[in-house]
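Work through the following exercises with the sequence and the model open. Each task is followed by a solution in steps.

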Amino acid sequence: MNILTKKSDNKLPDIHSLMQGYDFNSETIRNIENENLLPPGLVNRLRSCYPQYSGFNRTGNVIFTGKTFYSGLNGFREIIEKLKKHGIEIGQVKEREFFIEVYRFLATKHILNTIDWDNYENDTNFHLVFPQPGMMNPEDVKLYESAKSDEERSKIVSDYQLKTNPHDGKQKLNKPWYVNDEGHLEILEGCQHKYPPIKLILDSATQNCFAYCTYCFRHAQVRGDEDMFVQHDVGQVHNYLKKHKEISDVLITGGDAGYIPYERLSTYVMPLIDDPELKHIRTLRIGSRAITYHPELILSDKFKKILELLKLTTDNGIQVVWMAHISTPPELLNPGAIAAIRRLKRFGLTVKSQSPIMNHISLYYTKNGEVDIDKSAQNWIDLGNILAMLGVGFHSMYCARPTGEHHYFSAPLADITKIFSKVFRTLASINRPSRHITMTSSAGKTSLLGTTEINGKKVFALKFNEARNMQWIDRVYFAEFDEKENTIEKLKPFGAEKYFYEDELIQIETKLSETLERKIAKENGHDK
């Protein structure tokens, strides 16, 4: 096959030839070389320390050249045809297409070329972007495969989409609002403000991704549901920030914030720099997977203008953090990803990674059907050390959120805490993830601290690290130990009928909903 294959010799590969082998364009190659983004010493150390993951240890030509994006059913079918020409049949095409119709599909040339097509069944990047057999409910798969018409298939797809729970954790309650100077209600339809210090912006320009993760938590955004979050008016954001001095961090997300064009980003950033009423903003976060899905964007001439804007931001005392989502070493160990990280850092950005621990991608089972603690932990230990070598902060690991095909990607919490504990005690303190393993719910982000015993009974110890009432984070509380449960929210309280926060949570959620409903009614002239 005329594809990339791993070589075992220790001779340092020619960087220029390797970049050409990955089908980088001349502009990307020029910028990498001129800015010294792939120093031979770094490349040699990475490939020597981690040859089992390294995209630097490959020879030959890639399959996917020229075209950058493969989108939807047509893009998926185009990939299938290209693979067939190289003797690769991935099988179960109809079942995979059902997933694509429900959730969508998008892959970049870059991520496709990082996949080891000689061993794709065990390649984590393959599982990251390609739908897999067993994800979807088997009964619905049979209905889809036996459908006699496009109309029948469309009905099966739309019915399935209603069950996918795209807004878990009651995210709609997090939409911020304020009354403007004219006395009118302003609802920020594309924002979320759940925790006092941080405001999320899902901008109109960031609704798409560079590739779609099969475990996507925000499939309402990428497939364009009617109730997705979209922020159109930038002025609303600044007006809201001026009224909420408790906010120190602004996170632009999506989709993928890497999509935001210079002009749009500038309208967000320049007031943060220039307006004295916005001096309380300390950090700007950019949530993006461009490093591992489309690094050539970051390495392009056009993107340099954005990098210069972000450097201006850091020069004015606002920390800029590129929040990557990296969960396995193969996502990183290739020339594009490493060069992209180094370019971001060259312009003064802090790069951090926060990642979900997902079955089949960054968590593994044995042939006996048990969670492989050692193999799963080693993935994260290796990743933590590689991030350190690249100067990337290991921000956090978290559990699969109860949305999409949660059953496929999740694992028992009892096993996940063992994995996390091994990762934490193995890594040097400076390279550890900064938090315990967490899971998001309407109440907040709950940390699974581990297990302990109370009166001879084994229990889970829990603690909020973010909460609807930030006073809750001061308290450790306990849940009954459960070997099978995979969702923190479903754990039963230990020694009590309910958790300490439950009554107050209901009051907070009710107040949020009722207050906004009254404001809307008043705005529409229906206030009694």
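**Exercise 1. Helix H20**

State which elements cover the buried residues of H20, which residues of H20 are buried, and whether the length of the helix agrees with its number of residues or disagrees.

Solution. The model is a predicted one.
Step 1. The cover over the buried residues of H20 includes strands S12, S13, S14, S15 and S16, together with helix H18 (373–389).
Step 2. Leu413, Ala414, Asp415, Ile416, Thr417, Ile419, Phe420 and Val423 are the buried residues of H20 in question.
Step 3. H20 runs over residues 413–426, which is 14 residues. At 1.5 Å a residue the expected span is 20 Å, and the end C-alpha atoms are 20 Å apart, so the two values agree.

**Exercise 2. Strands S14, S15 and S16**

Describe how S15 pairs with S14 and with S16, and give one pair of facing residues for each pairing.

Solution.
Step 1. S14 (residues 437–440) and S15 are antiparallel and are joined by 4 bridges. Within this pairing, threonine 438 faces serine 447 of S15.
Step 2. The connection between S14 and S15 is a hairpin, with 3 residues between the strands.
Step 3. S15 and S16 are also antiparallel, with 10 bridges between them. Here glutamate 453 is opposite lysine 458 in S16.
Step 4. S15 and S16 form a hairpin too, with 2 residues between them.

**Exercise 3. Two residues with positive phi**

For asparagine 455 and glutamine 92, find the loop that holds each residue and decide whether the residue is buried, partly exposed or exposed.

Solution.
Step 1. Most residues other than glycine have a negative phi, and a positive value is therefore worth noting.
Step 2. Asparagine 455 is not a glycine, yet its phi is positive, about 50°. Asparagine 455 lies in the loop between strand S15 (444–454) and strand S16 (457–467).
Step 3. The relative accessibility of asparagine 455 is 78%, and the cut-off for exposed is over 50%, so asparagine 455 counts as exposed.
Step 4. Glutamine 92 has a positive phi as well, near 50°. Its loop lies between helix H4 (72–85) and helix H5 (93–103).
Step 5. Glutamine 92 has a relative accessibility of 47%, so it counts as partly exposed.

**Exercise 4. The largest pocket and glutamine 354**

Give the volume of the largest pocket, name residues closest to its centre, and say what supplies its lining.

Solution.
Step 1. The largest pocket holds about 1,200 Å³ of space. It is lined by 50 residues, and Arg218, Leu251, His325, Gln354 and Tyr398 are the closest to its centre.
Step 2. At least two lining residues come from each of strand S8 (198–202), strand S9 (249–253), strand S10 (283–287), strand S11 (319–324), strand S12 (350–357), strand S13 (393–399) and S14. S13 gives the largest share, 4 residues.
Step 3. Sorted by class, the lining has 20 nonpolar, 18 polar and 12 charged residues.
Step 4. Glutamine 354 belongs to strand S12. Apart from residues up to four places away in sequence, glutamine 354 touches Met323, Ala324, His325, Ile326, His395, Ser396 and Tyr398.
Step 5. S9 and S10 pair in the parallel sense over 4 bridges, with aspartate 249 opposite threonine 283 in S10. In S10, 4 of the 5 residues are buried.

**Exercise 5. The largest cavity**

How many cavities of 30 Å³ or more does the whole structure have, and which residues lie nearest the centre of the largest one?

Solution.
Step 1. The search of the whole structure finds 9 such cavities.
Step 2. The largest cavity has about 120 Å³ of space. Among its 16 lining residues, Phe99, Tyr103, Cys213, Thr214 and Cys216 lie nearest the centre.
Step 3. H5 and helix H10 (219–222) are the elements that give two or more residues to this lining.
Step 4. The lining of the largest cavity consists of 10 nonpolar, 4 polar and 2 charged residues.

**Exercise 6. Glutamate 296**

Decide whether glutamate 296 is buried or exposed, and list its contacts.

Solution.
Step 1. Glutamate 296 is in helix H14 (residues 295–298).
Step 2. Its relative accessibility is 14%, so glutamate 296 counts as buried.
Step 3. Beyond its neighbours within four places in sequence, glutamate 296 is in contact with Asp23, Phe24, Asn25, Thr28 and Lys109.

Definitions and conventions: Residues are numbered from 1 along each chain as its sequence is written. This is a predicted model: local features need pLDDT of at least 70, side-chain atom pairs count only at pLDDT 80 or more; totals for chains, interfaces and linings use all residues. Side-chain values use heavy atoms; hydrogens and water are left out. Buried means under 20% relative accessible area, exposed over 50%, partly exposed in between (1.4 Å probe, protein chains only). Two strands pair if DSSP finds at least two bridges between them. On a 1 Å grid over the protein atoms alone, a cavity is a set of points where a 1.4 Å probe fits but cannot get out, and a pocket is an open set with protein on both sides within 12 Å along at least five of seven lines; lining residues have an atom within 4 Å of a point. Grid points are joined across faces, edges and corners, and a volume is the space filled by probe spheres set on the points. Ala, Val, Leu, Ile, Met, Phe, Trp, Tyr, Cys and Pro count as nonpolar, Asp, Glu, Lys and Arg as charged, and the others, Gly among them, as polar. The expected span of a helix is 1.5 Å times one less than its number of residues. Contact means heavy atoms within 4.5 Å.
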